[in-house]
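Reader: I would love a close look at one part of this protein, the spot picked out by the binding-site annotation. Could you walk me through that spot and then through what lies around it?

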Amino acid sequence: MAVQPEIDHATGRTTTGHEWDGIKELNSPLPKWWLYIFYATIVWSVGYWIVYPSWPLVTNYTKGVLGYASRQDVTRELDALKALRAERAGALARTPLEDIAKDPTLLTFALAQGKAAFGDNCAPCHGLSATGSPSFPNLRDDTWLWGGGIADIHQTISFGIRNADDRSRQGQMPALGGPNGALKPDEVITVANFVRALSGQPTRQGYDPAKGKELFASNCAACHGDEGRGNRELGAPNLTSRNFLYGSDEKTIIETINLGRGGVMPGWAGRLDETTVKSLAVYVHALGGGQ
């Protein structure tokens, strides 16, 4: 004998027969239109699996009966873009760096291409706004370790900093403190305060400026110069400026003296075509170069 569904007297609807602590569940089936769409998506997905690449395998993936790959579309679109840019890209390749700014149309093209390339390749370290972060230089100020002229920037972008390429920027801040360093802990503190004084920052109480000058001359002046104004050939920063790459507080300067610094940057020549590298140099120079 069939069991008659229970009717909920408050709503007049049947229940599912389920009950939890006296609470009964109304029988509220999904709308048929929703179910039909759901079933249709299942059928569509099965067809998609058969027609297009979909399932990953151990070392490959299912290709689908059409053999379609979105990579082919990307390649085709990139080729079309290159063809569209070919005329101006050719002009950019032929024009010396220092002459690009003389042609407004070419300059606009270089800046647009450089901005796009910067977002794809440089922003992860320097930030999308190019304002940098600790250890990564702010490209919008006018402080450049290796020179801010457009040719200097092009050189740095092309070959990078402190990498295996002989053409990369070289030079490294050695560790002057620690057990094997030339400076004792108290001397490191004295030099750190001398460096802060060079950039007009306050020094700790009891600091001996004469001793600081003597230690600086013996250990730091060879790279930073007697007056601490730096040496771009060596990538030694100007210490009279308050733009410190790693921070200008006493603790950070002590850390720099104790451990040294040697940030690296990859070279982009070979990874990017020369026209793109040139565009990047124009774009970065426009952000804050000029020296």
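Author: Happily; what follows starts at the annotated site and then moves outward to the helices and the remaining annotated stretches. Please keep in mind that this is a predicted model.

Let us begin with the site itself. An unreviewed UniProt entry gives the annotation "binding site" to M173, C220, C223 and H224. These residues span 52 residues in sequence, yet no two of their C-alpha atoms are more than 10.2 Å apart, so they gather at one spot.

Take M173 to start with. Its place is in the loop that runs between α5 (150-159) and α6 (185-198). With a relative accessible area of 23%, M173 is partly exposed, a class that lies between the buried limit of under 20% and the exposed limit of over 50%. Beyond its neighbours within four places in sequence, M173 is in contact with H224, T256, I257, G260 and R261. One of those partners, H224, also belongs to the annotated site.

C220 sits in another loop, the one between α7 (209-219) and α8 (221-224). Its relative accessibility is 9%, so C220 counts as buried. Setting aside residues up to four places away in sequence, C220 touches L176, V191, L215 and G225.

V191 in that list leads us to α6, where it is among the buried residues. The others buried there are E187, V188, T190, A192, N193, F194, V195 and R196. The cover over the buried residues of α6 includes α7 and α9 (250-259). As for the geometry of α6, its 14 residues should span 20 Å at 1.5 Å a residue, and the end C-alpha atoms are indeed 20 Å apart, so the two values agree. After α6 comes G200, which has a positive phi near 75 degrees.

The loop that holds M173 has another residue worth a look. R162 also lies between α5 and α6, and its phi is near 50 degrees, a positive value in a residue other than glycine. D21 has a positive phi near 50 degrees too, and is likewise not a glycine. You will find D21 in the loop between β1 (15-20) and β2 (23-26), where it is exposed, with a relative accessible area of 82%.

Now let us place the site in its annotated setting. For "domain: Cytochrome c", the unreviewed UniProt entry lists residues 109-199 and 207-288. The stretch 109-199 is 45% helix and 0% strand, and its end C-alpha atoms lie 40 Å apart. For 207-288 the figures are 49% helix and 0% strand, with end C-alpha atoms 36 Å apart. The unreviewed entry also has a "transmembrane region" annotation, which covers residues 33-51. Over residues 33-51 the chain is 100% helix and 0% strand, with 27 Å between the end C-alpha atoms.

Within the stretch 109-199, H126 and T131 make a pair to look at together. H126 belongs to helix α4 (residues 123-126) and is buried, with a relative accessible area of 13%. Not counting residues up to four places away in sequence, H126 touches F118, T131, G132, F136, P137 and L139. T131 is in the loop between α4 and α5, and at 39% relative accessibility it counts as partly exposed. Leaving aside its neighbours within four places in sequence, T131 is in contact with H126, N138 and R140. From T131 to D152, 21 residues apart along the chain, the C-alpha separation is 19 Å.

One helix pair rounds off the tour. Two packed helices are described by the angle between their axes and the distance between the axes. The axes of α2 (residues 70-94) and α10 (residues 274-288) come within 9 Å and cross at roughly 70 degrees. That makes α2 roughly perpendicular to α10. On the α2 side the contact is made by A89, L92, A93 and R94, and on the α10 side by T275, K278 and S279. Sorted by class, this contact has three nonpolar, two polar and two charged residues.

To return to your starting point, the annotated residues M173, C220, C223 and H224 have no two C-alpha atoms more than 10.2 Å apart. Within that group, M173 is partly exposed, whereas C220 is buried.

Technical notes:
Residues numbered from 1 in each chain as written. Predicted model: local features only at pLDDT ≥ 70, side-chain atom pairs only at ≥ 80, totals over all residues. Heavy atoms only, no water. UniProt positions renumbered as here; feature names shortened; annotations may be inferred. Helix = DSSP H or I, 4+ residues; strand = E, 2+ residues; numbered from the N terminus. Buried < 20%, exposed > 50% of the residue type's maximum accessible area, 1.4 Å probe, protein only. Contact = heavy atoms within 4.5 Å. Axes fitted to C-alpha atoms, helices over the stretch in contact; angles between N-to-C directions. Parallel < 35°, antiparallel > 145°, perpendicular 65-115°, else oblique. Nonpolar A, V, L, I, M, F, W, Y, C, P; charged D, E, K, R; others polar. Expected span 1.5 Å × (residues − 1).
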